Amino acid sequence: MHKSLRQSMANLHSWVGLLVGWLLFSIFLLGSISYYREDITAWMQPDYQHIKVDPSQTVSSALVYLQQNAPTAKYWYIQPASQNTPINTIYWQQTDGTFNSKQLHPNTGKELNLLPTQGGDFLYYLHFQLFGIPVLIGRLIVSALAIIMLVALISGIITHKKIFIDFFTLRAFKGQRSWLDFHNVVSVIALPFFLTITFTGLAILFYVYFPSNIQKYYPNNIYDIFDELRNKPALVQKPIQPQKMLTAQAIQQHITQQWQHAELDSLEIKAPNTNNAIVTVKQKLDHSITLAPAQLTFSAVTGQTLTDLQNPSAVTTLYNSMYGLHMAPFAQPIIRLGLFFSGILGCLMIASGLLLWSLKRQIQKSTYSLGYYIVDRLNVSTFVGLPIAILGYFYTNRLFTVFYPHLPNYEIHVFFIIWLSCLFGSLVVKKENLWLVFLSIFFSFALLLPLVSGYVIHRIGLFELFVWCFAGFSWFMLKNIQPIQKNAYQKLTRRKKHAHS
């Protein structure tokens, strides 16, 4: 018997979501948190609060350090201190092609002994390249998941022919019907966000799944394509000869004269201490989606302003737009908060879909099934276990890293140990108490974190208050999910008893 298109799409939607839903949830949750990547790093580096930035010294202090420690490098790159990250981060490329990096005090240029934490960067990189496997393989897996996510979204739209009508129907405390209504509502609210974030994520990782095509035109290094996207072909270069550059103070003054009171995003010098040394400076303030900040290019030897090398081509604009839409560096606080909660809605959409699948089939079946048992445990260990692991990551920072900064950093180890413990713990907890136990743990962790953090560093800020909001959310979920789950399991138990009798 042939199935209709909607029936085929419904099956596709269900099985695609079931097979990769837990990974997609993790990616969405970590990606949503990454909108506050710099804020998380600042929270996990309490010393940031004691650094006062002098904008007139940030560039010159970093250049002095590079001149003293990497005068023969092929390339210098500086990320000047900002309000969220009050330190200078510098990179340089050695003549053998290797890269080095340091974190410096923005005013004095001295190396900083900061806490050995990856902060928000760990959560950010985990969401698009996973962990413990080669970077390119991790990004390829995430790209494949993004394609599957698009399939799930499109098949879901086709399946729910009355999805916009159902959006206005939310029947609470009605068991399976309530889960379906909730799934429809959160799907419709942020559907444009889901489609945009999934498609743009695929677009900016194009080099991962089309490597052979890029290799054909960039045989030496496929990443050369990004140099071409960022900049027009370089000016005619003279044979490289050693030559003294402008002093660090002179370069700082030249930038200040051109841009007064401008916050800098980056400064790079190609071929430093040679006759071809060129300085490129970009402003941080850029509210455009196409990521085209003001750029200044001048000779590091003479100080002469050169032609802007920024690439204005349509391809560059398109790629920057994809990157800008996905990363949202243009977003102001209110927009960023809206994007964050849109990502959380994506998590709720995935979670409600998987819970609906499990609940529906367990009520329909009167016999025990190992498959449903596994789905139940993966649901709770992902939807609640991952947030618990993230809180454990924060706790380790406050209770271990702050007190023992010279010892190896165990924050990432604790993150995965807690997450794995949640999985094993879910295997031994009775199914009718699964959500009660794990949501209670999450609520307790979220409630106590601001108090622990305030006790350790004697300060409670916006981040701690934000965590309290999620403690309240977990309490709400605890009061609403547990009764529905308990009611479903009671129905299933009665059905099994009736079948045996």
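What span should the 14 residues of helix α13 (residues 314-327) have at 1.5 Å a residue, and how far apart are its end C-alpha atoms? In this predicted model, the expected span of α13 is 20 Å and its end C-alpha atoms are 20 Å apart, which agrees. The points below take up the helix and its surroundings, then one of its residues, and then the cysteines.

**Helix α13 and its surroundings**
- The buried residues of α13 are T316, Y319, N320, S321, M322, G324 and H326, and these residues pack against the helices α4 (120-129), α8 (191-204), α9 (206-209) and α11 (224-230).
- An α-helix has 3.6 residues a turn, so residues three or four places apart point the same way.
- After α13 comes A328, a residue with a positive phi, near 55°.

**Residue S321**
- S321 is found in helix α13, and because its relative accessibility is 14%, under the 20% cut-off, this residue counts as buried.
- When neighbours within four places in sequence are left aside, S321 is in contact with I289 and T290.

**Cysteines and disulfides**
- C347 is buried, because its relative accessible area of 3% is under the cut-off of 20%.
- C422 is likewise buried, its relative accessible area being 7%, which is under 20%.
- A disulfide is a covalent bond between the sulfur atoms of two cysteines.
- A search that covered the whole structure finds 0 disulfides.

Note on methods
Residues numbered from 1 in each chain as written. Predicted model: local features only at pLDDT ≥ 70, side-chain atom pairs only at ≥ 80, totals over all residues. Heavy atoms only, no water. Helix = DSSP H or I, 4+ residues; strand = E, 2+ residues; numbered from the N terminus. Expected span 1.5 Å × (residues − 1). Buried < 20%, exposed > 50% of the residue type's maximum accessible area, 1.4 Å probe, protein only. Contact = heavy atoms within 4.5 Å. Disulfide = S-S within 2.5 Å.
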